[in-house]
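Q: Please take a close look at a single part of this model and set it in the context of the whole chain. Start with the conventions and give the cut-offs as the terms come up.

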Amino acid sequence: MPTLKVKVRFLSYLADILGIKESVIEIPGGTTLGEALEIIKNLWPEIRKIDREGEGPIITLLNGFTAKLDTKIREEDEIAILPPATGG
């Protein structure tokens, strides 16, 4: 199965924690947003920890918009990951 190149952007303080603002990853063709998110969490385990132990779930955008986790990823899509809001 062919692979797809997808840009992943890390926003807000998540970029500081990971030490990068964006990366291009290759994922299998036919991958859904939910599956891509699991791949991303495996590549950057800090995201899983923030999602599980943070002040709320991470927010995931596909090409700048919210999308269902069963949405199929296409070549050159962009996934943006925002950490939960903090503070009061």
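A: What follows starts with the whole chain, goes on to the sheet, and then stays with helix α2 and the residues at its two ends.

This is a predicted model, in which local features need pLDDT of at least 70 and side-chain atom pairs count only at pLDDT 80 or more, while totals for chains, interfaces and linings use all residues. Residues are numbered from 1 along each chain as its sequence is written, and side-chain values use heavy atoms, with hydrogens and water left out.

The chain has three helices and five strands; these are DSSP runs numbered from the N terminus, helices being H or I with at least four residues and strands E with at least two. Their order along the sequence is β-α-β-α-α-β-β-β. The radius of gyration, taken over C-alpha atoms, is 13 Å, which agrees with the value near 12 Å for a compact globule of 88 residues (the rule is 2.2 Å times the number of residues to the power 0.38). The C-alpha trace spans about 45 × 25 × 20 Å along its principal axes.

The five strands make an open sheet of mixed pairing, ordered β2-β1-β5-β3-β4; two strands pair if DSSP finds at least two bridges between them. At the edges stand β2 and β4 (65-66), each with a single partner strand, so one side of each lacks a neighbour in the sheet. Strands β1 (residues 3-10) and β5 (residues 78-82) run parallel and are joined by four bridges, with Val-8 paired to Ile-79. Between β3 (residues 59-62) and β5 there are also four bridges, but these strands run antiparallel; here Thr-60 is opposite Ile-81.

Now the helix. Its buried residues are Leu-33, Gly-34, Ala-36, Leu-37, Ile-40 and Lys-41, where buried means under 20% relative accessible area, exposed over 50% and partly exposed in between, with a 1.4 Å probe and protein chains only. Seen down the axis of α2, they fall within an arc of 155°, so they line one face of the helix; the arc is that of the directions from the helix axis to the C-beta atoms. An α-helix has 3.6 residues a turn, so residues three or four places apart point the same way. The cover over the buried residues of α2 includes β1, β2, α3 (45-53), β3 and β5, a contact being heavy atoms within 4.5 Å.

Thr-32 sits in the loop between β2 (22-28) and α2 (33-43). Thr-32 counts as buried because its relative accessibility is 13%. Leaving out residues up to four places away in sequence, Thr-32 touches Leu-69, Asp-70, Thr-71, Lys-72 and Ile-73. Its side chain also reaches the backbone oxygen of Leu-69 at 3.5 Å.

On the other side of α2 is Trp-44, in the loop between α2 and α3. The whole structure holds one aromatic pair: Phe-10 with Trp-44, edge-to-face, at 4.9 Å centre to centre and 65° between the planes. Rings of Phe, Tyr and Trp (its six-membered ring) pair if their centres lie within 6.5 Å; planes under 30 degrees apart are stacked, over 60 edge-to-face and the rest tilted. Since Phe-10 lies in β1, the pair ties together parts that are 34 residues apart in sequence. Both Phe-10 and Trp-44 are buried.

Note on methods
Polar contact = N/O pair within 3.5 Å; in protein donor to acceptor, adjacent residues only side chain to side chain.
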